[in-house]
Amino acid sequence: MSVSDDARDESGYLIRELHGVKLAQILEYLVAHYGWPELDSRIRVNCFAVNPSIKSSLTFLRRTPWARAKVEELYIQARTAEVLGKPRP
């Protein structure tokens, strides 16, 4: 287990466990930090490239486990870097 595996949020929860974090919050965070074009380049799905919106992306991600897993992993990496004061991935 590395130090980044133990990164905790402001409430003291491990970031990698996504405790109490909803998919909508994850997506809003990623859009705010990366923007739709960067999200599309990192995770190639049409809902990030063609007329992107939170609503359409949530619908897709809720129905597509592999895409949701990639979004959650990117969130964990970005939040961990933020908490540890490192450049975001």
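**Helix 3**

I started with the exposed side of helix 3 and found Lys-55 and Arg-63 there. The model is a predicted one, and I read every entry below with that in mind.

I then asked which residues of helix 3 are buried. In this helix, residues 54-63, they are Ser-57, Leu-58 and Leu-61. I looked down the helix axis to see how these buried residues are arranged. They fall within an arc of 100°, so they line one face of helix 3. Lys-55 and Arg-63 sit on the other side.

Next I checked what covers the buried residues of helix 3. The cover includes helix 1, helix 2 (46-49) and helix 4.

**Aromatic pairs**

I searched the whole structure for aromatic pairs and got 2. In one of them, the ring centres of Tyr-29 and Tyr-75 are 5.2 Å apart. Their planes stand at 80°, and the cut-off for edge-to-face is over 60 degrees, so I logged this pair as edge-to-face.

I looked up where the two tyrosines sit. Tyr-29 belongs to helix 1 and Tyr-75 to helix 4, so the pair ties together parts that are 46 residues apart in sequence. Both Tyr-29 and Tyr-75 are buried.

Trp-36 and Phe-48 also form an aromatic pair. I noted 5.7 Å centre to centre and 45° between the planes, and this pair is tilted. Trp-36 is in helix 1 and Phe-48 in helix 2, so this contact ties together parts that are 12 residues apart in sequence.

Are Trp-36 and Phe-48 buried or exposed? Trp-36 has 17% relative accessibility; buried means under 20%, so Trp-36 counts as buried. Phe-48 has a relative accessible area of 2% and is buried as well.

**Largest pocket**

Last, I turned to the largest pocket, which holds about 200 Å³ of space. I listed its lining and found 13 residues. Closest to the pocket centre are Asp-9, His-19, Val-21, Tyr-75 and Arg-79. Tyr-75 had already come up as the ring paired with Tyr-29.

I also asked which elements give two or more residues to this lining. They are helix 1 (23-42) and helix 4 (65-84). These two helices also appear in the cover over the buried residues of helix 3, and they carry the two tyrosines of the edge-to-face pair.

By residue type, I recorded the pocket lining as 7 nonpolar, 3 polar and 3 charged.

How values were computed
Residues numbered from 1 in each chain as written. Predicted model: local features only at pLDDT ≥ 70, side-chain atom pairs only at ≥ 80, totals over all residues. Heavy atoms only, no water. 1 Å grid on protein atoms, 1.4 Å probe; cavity = no way out; pocket = protein on both sides within 12 Å on 5 of 7 lines; lining within 4 Å. Points joined across faces, edges and corners; volume = space filled by probe spheres on them. Helix = DSSP H or I, 4+ residues; strand = E, 2+ residues; numbered from the N terminus. Nonpolar A, V, L, I, M, F, W, Y, C, P; charged D, E, K, R; others polar. Buried < 20%, exposed > 50% of the residue type's maximum accessible area, 1.4 Å probe, protein only. Arc of directions from axis to C-beta. Contact = heavy atoms within 4.5 Å. Phe/Tyr/Trp six-rings, centres within 6.5 Å; stacked < 30°, edge-to-face > 60°.
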